[in-house]
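Me: Please take a close look at a single strand in this model and at what surrounds it. Keep it brisk.

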Amino acid sequence: MRAWTRDTALAALEPVDLRWTVGDDVPPVGRGLRNLGNSCFLNSILQALTHTAPLAKLCLARRHTANCALTNAREPCAFCIIERHAIAPEEVFGNLRLLARHFVRGRQEDAHELLRLSLEAMDDSCLANCGRPSARRGGHRGQSSVVFDPETGARLAPPTAVERIFQGKFRNLVRCARCGHESKTYDPFLDVSLELPGREDRSSHGGGYGPGYLRGSGSARGSVESALKNFTEEERLEGENAYRCERCKDLCPATKRLTIHEAPAILVVHLKRFDHYGGKINSPVDFTERLTLGGHMSEDAEEAGPAYRLYAMVTHSGNDAIASFYGAATNASDDEWYLCDDSSVRRVNRADVFDEQAYVLFYERDEE
């Protein structure tokens, strides 16, 4: 029997309330955020997080800051800082190195990297408040032994607030073609990174994100659906990549497939627009307001194909990772789309949203 310690309000968020309701006293859309010097990458992520209903409700209720035990620690609490940001991102910008130690204020940084590091830092705050070890301090967050049993996929500890909102679970299945032996491993994820047409390399993309690679010219048109299909497509392991079967005790041909085994409440989809040299992939990418995971889930998952609704996205304009500009588009509580361009927030036509150069897409569960 597992001995789980009692979680505080910092670690638990049940049930996850995905949508704004009539009783929620909130404006339909957040305010603009001042640019503090090449800080549009930060503003775009803060806007997306602000419009993530379950996280915003937690922050508006001050559930973390009211109970945080890290206020007198040597370093500020990352969750407290994110929770306190309102119309001015100065405190977050001033503590940028708390979220990403290699980031430099005044230099354009990558918005997706900031998002991942921010979620991990906030999760670390929740873990520290509950007396649990940090996944980052024990290695990178892709280590399944920290969150899930790598062989059974069973959760080893109750989820934190960040995990309840953003975390899902991958299953990696390898089947020996000679004897049929199956090997299953499970890994947590906070987002799904998808390759786009135009990337020519097939190097590992880390974090347990599987084989989602496409080849093609920079002008090739891609789609989120085709990238997801490629991401979860079965691949063969043979020749130099043959699989060492535990039962055969030999290198054998095999099949390998990465699938989503547990879908998150909030699905974050990252479109990999940059190559290893900072070059930009400007290929147009089709995406829709509704997304289902049918065909991308494990066959023994509890859900066959949950449906999602797009509520925010981070856009990127520019030809490389340095000379670039980030913005955000949000589908607010009044069901209108708004473009958040630093301090400017203006309503836009729905059709225009899907012409934007999407970089990170935020989907919430569609319970309708």
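Reply:
**A covered strand and its surroundings**

Strand β16 spans residues 358–365 and is mostly covered: 8 of its 8 residues are buried. Bear in mind that the model is predicted.

Start with the pairing. Strand β12 (residues 307–318) runs antiparallel to β16, and 7 bridges join the two. One pair to inspect is Val 314, whose bridge partner in β16 is Val 360. Strand β9 (residues 266–272) is also antiparallel to β16, joined to it by 5 bridges. Here Val 269 stands opposite Leu 361 of β16. Strands of a sheet pair through backbone hydrogen bonds, in a parallel or an antiparallel sense. In a regular strand, side chains alternate between the two faces of the sheet.

Now the packing. The largest nonpolar core has 50 residues. Phe 362 is among those with the most contacts inside this core, along with Phe 79 and Phe 166. Helix α6 (residues 111–129) gives the most to this core, with 8 residues. Another core lies apart from it, with 32 residues. Tyr 363 belongs to that second core, as do Val 192, Val 224 and Trp 337. Nonpolar side chains tend to be buried together in soluble globular proteins.

Phe 79 is worth a look in the largest core. Beyond residues up to four places away in sequence, Phe 79 touches Leu 55, Leu 58, Cys 59, His 64, Met 122, Ser 125, Cys 126 and Val 162.

Next, a separate sheet for comparison. Its 4 strands are ordered β2-β1-β8-β5, the sheet is open, and the pairing is antiparallel. β2 (182–189) and β5 (235–237) are the edge strands, each pairing on one side only. From one strand to the next, the twist averages 30 degrees. β5 pairs with strand β8 (residues 254–262) over 3 bridges, in the antiparallel sense. Within that pairing, Glu 235 stands opposite Lys 256 of β8.

Last, a polar residue under cover. Gln 47 sits in helix α1 (residues 40–50). Gln 47 counts as buried because its relative accessibility is 3%, and the cut-off for buried is under 20%. Setting aside neighbours within four places in sequence, Gln 47 is in contact with Arg 31, Gly 32, Leu 33, Ala 328, Thr 330, Cys 340, Asp 342 and Val 345.

Back to the strand itself: β16 pairs antiparallel with β9 and with β12, and 8 of its 8 residues are buried.

Notes. Residues are numbered from 1 along each chain as its sequence is written. This is a predicted model: local features need pLDDT of at least 70, side-chain atom pairs count only at pLDDT 80 or more; totals for chains, interfaces and linings use all residues. Side-chain values use heavy atoms; hydrogens and water are left out. A nonpolar core is a set of buried Ala, Val, Leu, Ile, Met, Phe, Trp, Tyr and Cys residues joined through side-chain atoms within 4.5 Å. Buried means under 20% relative accessible area, exposed over 50%, partly exposed in between (1.4 Å probe, protein chains only). Contact means heavy atoms within 4.5 Å. Two strands pair if DSSP finds at least two bridges between them. Axes are lines fitted to C-alpha atoms, for helices over the stretch in contact, and angles run from 0 to 180 degrees between N-to-C directions.
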